[in-house]
Amino acid sequence: MARYFLRASDFASGEALHKALLREPGFLYLQGEFGKKLKRMADPRNTPMQTFRNIMTMAYAKKFLEGKEYSKVEDSLAGVEWPSLSFVGETTPRTFLECLTTDMMEDGFMSRFLVVSYAGGVPLPNKNRDSAMHPDDQSVWSALVDHAIKYQLPINMPQAMTVELDADAQAMLEQFDLDRIARLNSIDEEMERQVWTRAHLKAIKIAALLAVADNPFKPIVSTAHGRWAINLVQRDIETFLSRKRSGDIGVSDNSREQKLTSFLRDYLTGPVPTSYKVKPKMAADGIVPRKYLQVRSASLPAFTSHKLGASRALDDAIRGLIANGKLMEVKHDRVVELYGFHGHAYRILDCDHETAS
């Protein structure tokens, strides 16, 4: 039965995933190149993937997952209590981020995920790795799997196990929840609010899993479990917010303007690489040439995917920044007189994190 805990299947629709959960209500679903599937889920015309997204959303913290009834009674499947769908998907950051849409964030779909990103270099090969598990570790994990198997089938499935919290861990997680509520009350933008909406619940889930791994028979969440879980969730939130501020999420007008704003911050904090051929006095005076923005944005999906081309996308984003008081076009004769530059150039007025839609 242990092999059923792991699924590397490519579920073609939400219907297929729903049936699998009704047959075996607890398993780990592995999805390679998840960004490609996420891109299909972002398309509202793709009905099977919209259903898939809906089932993934429904299965999260669901007390009861409804069954399926067909004209043939033998094909029908009864609903199950407390389905436990765990999901791990991997993809490249660029593919993942460009697929995210506003409605994915605002309807709570993405707030159910815990995103872990790696921005470091490629590690050297480990020639001394040991693939054999220590007998003591093997005994612990075998006991955990053996204990969990009884929860795998909906027939005669026992009640869900209760994970307890020690007093200090409970106080720590309650304080995190109060901090989360304070954050929600101070944020107006719905996309950003959703990042915090399930932060406390995710921390509890992770802490409980750590407790179960340490003691599957009588799991108790300790302060170490709680602290590790909270730190992981906070890193997930900060990763998303920093990407959002940099305009890396989505391919909308707003994301393009935010991306240009991040370029302007880089330009002011410098130094500007010599490859951009920007005159030092222009950078020192906060005058940015259009060609600098064009070179930096030329290969980004938010610009290249624009229906009228990357150049039009750049011009529209620049006009948006001008309208929002972040840029001001400098008169051509002044640019030539002061800097000997004959292209379009703009004075940077403001490049903070916030950009209007």
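Start by selecting F27 and L85: F27 stands opposite L85, which belongs to strand β5. You are looking at a predicted model, where local features need pLDDT of at least 70 and side-chain atom pairs count only at pLDDT 80 or more, while totals for chains, interfaces and linings use all residues. Residues are numbered from 1 along each chain as its sequence is written, and side-chain values use heavy atoms, with hydrogens and water left out.

**Stop 1: the parallel sheet**

Now colour β2 (residues 26–32) and β5, which pair in the parallel sense over seven bridges. Strands here are DSSP runs of E with at least two residues, helices are runs of H or I with at least four, and both are numbered from the N terminus. Two strands pair if DSSP finds at least two bridges between them. Strands of a sheet pair through backbone hydrogen bonds, either parallel or antiparallel.

Add β1 and you have an open sheet of three strands, ordered β1-β2-β5, with parallel pairing. Its edges are β1 (6–7) and β5 (84–90), each pairing on one side only. Next, show helix α2 (residues 34–41), which lies across β2 and β5 and runs at about 95° to β2. Such angles run from 0 to 180 degrees between N-to-C directions, using axes fitted to C-alpha atoms, for helices over the stretch in contact; contact means heavy atoms within 4.5 Å.

**Stop 2: a long-range salt bridge**

Select E15 and K68, whose side chains meet in a salt bridge (3.1 Å, N to O). The two come from distant parts of the chain: E15 is in helix α1 (residues 14–23) and K68 in the loop between β3 (64–65) and β4 (80–81), 53 residues apart. A salt bridge is a side-chain nitrogen of Lys or Arg within 4 Å of a carboxyl oxygen of Asp or Glu, and by this rule the count comes to 15.

Is K68 buried or exposed? K68 is buried, at 18% relative accessible area, whereas E15 is partly exposed at 29%. Buried means under 20%, exposed over 50%, and partly exposed in between (1.4 Å probe, protein chains only).

**Stop 3: the antiparallel sheet**

Move on to β8, β10 and β9, an open sheet in the order β8-β10-β9 with antiparallel pairing. The edge strands are β8 and β9, each pairing on one side only. Neighbouring strands are turned by 35° against each other on average, direction ignored.

Which residue is the bridge partner of I287 in β10? Pick R347 to see that partner. Three bridges join β8 (residues 287–289) to β10 (residues 345–348). Three bridges also join β9 (residues 327–329) to β10, and here L327 stands opposite I348.

Two helices are worth showing with this sheet. Helix α11 (residues 253–269) lies across β8, β9 and β10, at about 120° to β8. Helix α13 (residues 290–297) lies across β8 and β10, at about 55° to β8.

**Stop 4: salt bridges within helices**

Stay on α11 and select D253 and R256, which meet in a salt bridge (2.6 Å, N to O). They are separated by about one helical turn because they are three residues apart in this helix. R256 is buried, at 5% relative accessible area.

Finish in helix α15 (residues 310–323), where D316 and R312 are four residues apart, so about one helical turn separates them. Their side chains meet in a salt bridge too (3.1 Å, N to O). Add R319 to your selection: R312, D316 and R319 are linked in a network of salt bridges.
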